[in-house]
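Welcome, and please open your viewer. We will go from stop to stop, selecting residues and looking at what surrounds them.

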Amino acid sequence: MKDKYGILGYPLGHSLSPYMHSRYNFYLNNGSGYDAYEIASDDLESSLKELHTAGVKGLNVTIPYKQAVIPYLSSMDESAAIVGAVNTLKYTAEGYIGYNTDVTGLRNCLIKNGLELKGRNVLILGAGGAARAAAYVAVRSGCKSLYILNRKLEKAGAVCRDFGGSSYDYSCLNTLPDTPFFVFQTTSVGMYPHIEDMLPLPDEMLNRFEAAVDLIYNPMPTRFLEKLSQRGIKTVTGFDMLIEQGLASRSIWNPEEKISDDIKRKVYDECVRYSRS
Ligand code: ATR
C-alpha cells in the first residue's frame, strides 16, 4: 500500500469516513488506504505516537477526541487554534499538525443548501469541538445572536467566552429568549445505534425553530430532524458536511490531488446508498 490514512475516535461503528475515502482512493487508483482506528481514551497519546511512527500520513479525528488530541500535536493552523478543536491531522517529521475542516465543511454545506446565518439568532446544542466549529462559522457569518445550550453549563460558558453569546443548560430552558432560532445540533444524541434518543427540548421550543442542521449523518435523518420536518421546518442532515469536510481534509493531505466532478458525484451517491444499507 502506498500511503496510509485513517480516522481516530471512539466508538467508530457509525463512521462513513473509511468507506468514503476508500471509494475516492479506488476511483483515483492511487494505492492509498484509509482505516478506522478505534481507541480508548487512556491510549490516545501512545496510539498517536504509534500511528506517527508507522508513517500514517493523515488522520481524521472525531468524537470524543477533537479537543483531547491537541496536547499531542506539533502545531495547529489558525482556524483550528481559534476554534480550539481539530478534526484533521497531517504528518510531518516533527509530529502531526492539526487542522479544522469542520469549519470549511459546515460553510460549504450551508451554501449548498441555500442557508444564510447573517442576521439570524443561532442556537447551538452541545459545546464540544463540533459546537465550537459551528460557533466560529455563525459569528464569522454575522449572526445576530448566539446561544449555547449544553448539559454541562460550564462547557457552554467556555464556548461563550471564546465566541460571545449566552450559555444555558436544560434546567433554564425557559429563560431562553422567545425568538425564532437557527439551530445546529452538534451532540452525539440520536446517533447510531441509539437512534431513538433525543435531547429533552419541549415542543413549544421546537415550534420556534426556523431551520436546523444536525451534524449527525447516521441515521439520516435523526429523530430530531424528523420531528422538525413534520412541523414544516427546513432541515439539513450532517451528510453534506461530512462530504465537504472530507474533501477539505484530502486537499490538506495532498494539495495536488484533483478529484473530478464525476468522481465526486459517484462517491456522494455511493455513500448515500451505503449509509442506507
Ligand atoms: P465533539 O468534540 O466531536 O463535538 P465532544 O467534545 O465529546 O465531541 O462533545 C459531545 C457533545 O455532546 C457535548 O456537548 C456533550 O455534552 P456535555 O458537554 O454536557 O457532556 C453532548 N452530549 C453527549 N451525550 C449527551 C447526552 N446524553 N445529553 C446531552 N448532551 C450530550
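Start by selecting α1 (17-28) and α10 (261-276): each supplies at least two residues of the lining of the second largest pocket. Helices are DSSP runs of H or I with at least four residues, strands are runs of E with at least two, and both are numbered from the N terminus. This is a predicted model, in which local features need pLDDT of at least 70 and side-chain atom pairs count only at pLDDT 80 or more, while totals for chains, interfaces and linings use all residues. Residues are numbered from 1 along each chain as its sequence is written, and side-chain values use heavy atoms, with hydrogens and water left out.

Now add the whole lining of this second largest pocket: Gly13, His14, Ser15, Leu16, Pro18, Tyr19, Tyr192, Asn218, Tyr274, Ser275 and Ser277. The space here is about 180 Å³. A pocket is an open set of points, on a 1 Å grid over the protein atoms alone, with protein on both sides within 12 Å along at least five of seven lines; a cavity is a set where a 1.4 Å probe fits but cannot get out, and lining residues have an atom within 4 Å of a point. Points are joined across faces, edges and corners, and a volume is the space filled by probe spheres set on them. Colour the lining by class and you will find 5 nonpolar, 6 polar and no charged residues. Nonpolar means Ala, Val, Leu, Ile, Met, Phe, Trp, Tyr, Cys and Pro, charged means Asp, Glu, Lys and Arg, and the others, Gly among them, are polar.

Keep Asn218 selected and step to Pro219: a cis peptide bond joins the two, with omega about 10 degrees. Another cis bond joins Met220 and Pro221, where omega is about 0 degrees. Pro219 is in the loop between β11 (209-214) and α8 (223-230), and Pro221 lies in that loop too. Most peptide bonds are trans.

Next, where does the ligand sit? Select it and you are in the largest pocket (more than half of a molecule's atoms must lie within 2 Å of the grid points). This pocket holds about 730 Å³ of space. Of its 32 lining residues, Ile63, Arg151, Thr186, Thr187 and Ser188 are closest to the centre. Helix α5 (residues 129-140) gives the largest share of the lining, 3 residues.

Zoom in on the ligand, which has 17 residues around it (a heavy atom within 4 Å); Ile63, Ala127, Gly129, Asn150 and Arg151 come nearest. Look for polar contacts, pairs of N or O atoms within 3.5 Å. Polar backbone atoms of Ala130 and Lys152 lie 3.1 Å and 2.9 Å from an oxygen atom of the ligand, respectively. The protein covers 83% of the 650 Å² of accessible area that the ligand has on its own (Shrake-Rupley method, 1.4 Å probe).

Finally, look for enclosed space: there are 2 cavities of 30 Å³ or more. The largest cavity has a volume of about 370 Å³. Among its 25 lining residues, Thr62, Lys66, Asp102, Leu215 and Tyr217 are closest to the centre, and α9 (239-253) gives the most to the lining, with 3 residues.

For the last selection, take Tyr5, Asn25, Tyr34, Arg250, Trp253, Asn254 and Glu257, which line the second largest cavity. Its volume is about 40 Å³.

Definitions and conventions
Polar contact = N/O pair within 3.5 Å; in protein donor to acceptor, adjacent residues only side chain to side chain.
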